[in-house]
Amino acid sequence: MTLAVRYISARTLDTAPAEPSSPGPGEVELAPAFVGICGTDLHIFHGDMDARVAAPAVLGHEMSGRVVRVGPGVEGWQPGDAVTVMPLRWDDTCPACRAGHQHICQHLDFIGIDSPGAMQQRWTVPASTLIRLPDTLPLDRAALVEPTAVAVHDVGRAEVTEGEKVVVVGGGPVGVLIALVARATGADVRVVELSAHRRLLAEELGLTAWNPADDDVPALVGEWTGQAGADVAFEVSGAAGGVDTAVDVLGVRGRLCLVAIHPRPREINLHRFFWRELTLIGARLYERGDFEKAVALVADGTIPAGRLISKVVPLTEAPAAFEALEGGGDVMKILVDCTTGTDHTHDAQGVAV
């Protein structure tokens, strides 16, 4: 018998025994090592996704771990292999899939939301979802490959190129990852973030961060760009004010890439879109190539994943970790350690002490 973290109802999680299922044809059984808690998990925790999530539901989709068993017909994988999972299962028959956009299948099963996730000690998934990890990559850092893949996809959707001026509105984990990926592409990047803790971390990573509560961000962008405006803005805050800022900083023919999930419709300055011929781009999830690039960026240190890990907690303390994340500003990424039931701490670089 193994343990799993389950969503029961709004603001109620438990850690309960779970019976592992043997891998069937085309499936593998994994031993998750570390699982990150993300904003979508918090939406589930708050009860905002009850129409989609069937309780009791095992959460988690940002993970790293190792193969334990392989099912019939699975080739190329063996016990002990280090992996992460691209948590998408599509039908391959809908119009989106037929057009080559399987990652936004019209009947998408997002594993960890629509079906059981990784926050458990044994997890059976389709072998087709596996992404190989290098043996030299520590598994705690590898748990940030999935959000890094989000950032890679977002930067690709916005078609960021070398030398462009990029503003990232929202300096949480995904916002900082977008800023780092954009910088690696050769862009000149600024981060807009209310939290002093997150601004400090961004600056420690070599990024310039502005406080929208104290700074006139559009004016700063004007000074920075010679009054031309930014080429690209990423809206990652999920706030109405963040949308306004992202639109206001853009120059002529600028691109606004919408990353955050906005729970309700937002007012937007369409006159600005008309006057400056702006473009709005939606960015959702990722494709396999995004994941493979994300592995490389984390493995070679371009993404300093360990610096983004605020805390690691044992599986049995995962429910409390969700509550800790609600404060937001002083925490970046909390990982759940599925390998042990005993507590331990990590330093700022994510190294066990």
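Start by selecting strand E11 (residues 165–169) together with strand E14: the two pair in the parallel sense over four bridges. Keep in mind as you click around that this is a predicted model. To find the pairing quickly, look for valine 166, which stands opposite valine 232 in E14.

Now select E14 by itself, residues 230–235. Is this strand mostly covered or mostly uncovered? Mostly covered, with five of its six residues buried.

Next, add strand E15 (residues 250–258), which pairs with E14 in the parallel sense over five bridges. Here the spot to look for is alanine 233, standing opposite leucine 256 in E15. Bring in helix H8 (residues 240–248) too, and you have E14, H8 and E15 making a right-handed β-α-β unit.

Time to look inside. The largest nonpolar core has 102 residues, and Leu30, Met119, Leu130, Val160, Phe234 and Tyr286 are the ones that touch the most other members. Color helix H5 (residues 173–184) as well: it gives the most to this core, with seven residues. Apart from it lies another core, of 16 residues, including Val167, Val169, Val221 and Trp224.

Jump to the start of the chain and select strands E1 (residues 2–9) and E2 (residues 12–18). They pair in the antiparallel sense over seven bridges, and tyrosine 7 stands opposite leucine 13 in E2. The hairpin has two residues between the strands, and arginine 11 there takes a positive phi near 65 degrees.

Stay on arginine 11 and show its side chain. Which residue forms a salt bridge with arginine 11? That's glutamate 326, with the closest N and O atoms 2.5 Å apart. This pair links distant parts of the chain, 315 residues apart: glutamate 326 sits in the loop between helix H12 (318–325) and strand E18 (333–337), and arginine 11 in the loop between E1 and E2. Both ends are partly exposed, glutamate 326 at 33% relative accessibility and arginine 11 at 44%.

For another of the structure's 14 salt bridges, select glutamate 29 and arginine 69, whose closest N and O atoms are 2.5 Å apart. Glutamate 29 lies in strand E3 (residues 27–36) and arginine 69 in strand E5 (residues 62–70), so the pair ties together parts that are 40 residues apart in sequence. Glutamate 29 is buried, with a relative accessible area of 4%, while arginine 69 is partly exposed at 36%. Add Arg122 to your selection to finish: salt bridges that share partners join Glu29, Arg69 and Arg122 into one network.

Definitions and conventions: Residues numbered from 1 in each chain as written. Predicted model: local features only at pLDDT ≥ 70, side-chain atom pairs only at ≥ 80, totals over all residues. Heavy atoms only, no water. Buried < 20%, exposed > 50% of the residue type's maximum accessible area, 1.4 Å probe, protein only. Pairing = 2+ DSSP bridges. Right-handed = clockwise from strand over helix to strand, strands pointing away. Core = buried A, V, L, I, M, F, W, Y, C linked by side-chain atoms within 4.5 Å. Salt bridge = Lys/Arg side-chain N within 4 Å of Asp/Glu carboxyl O.
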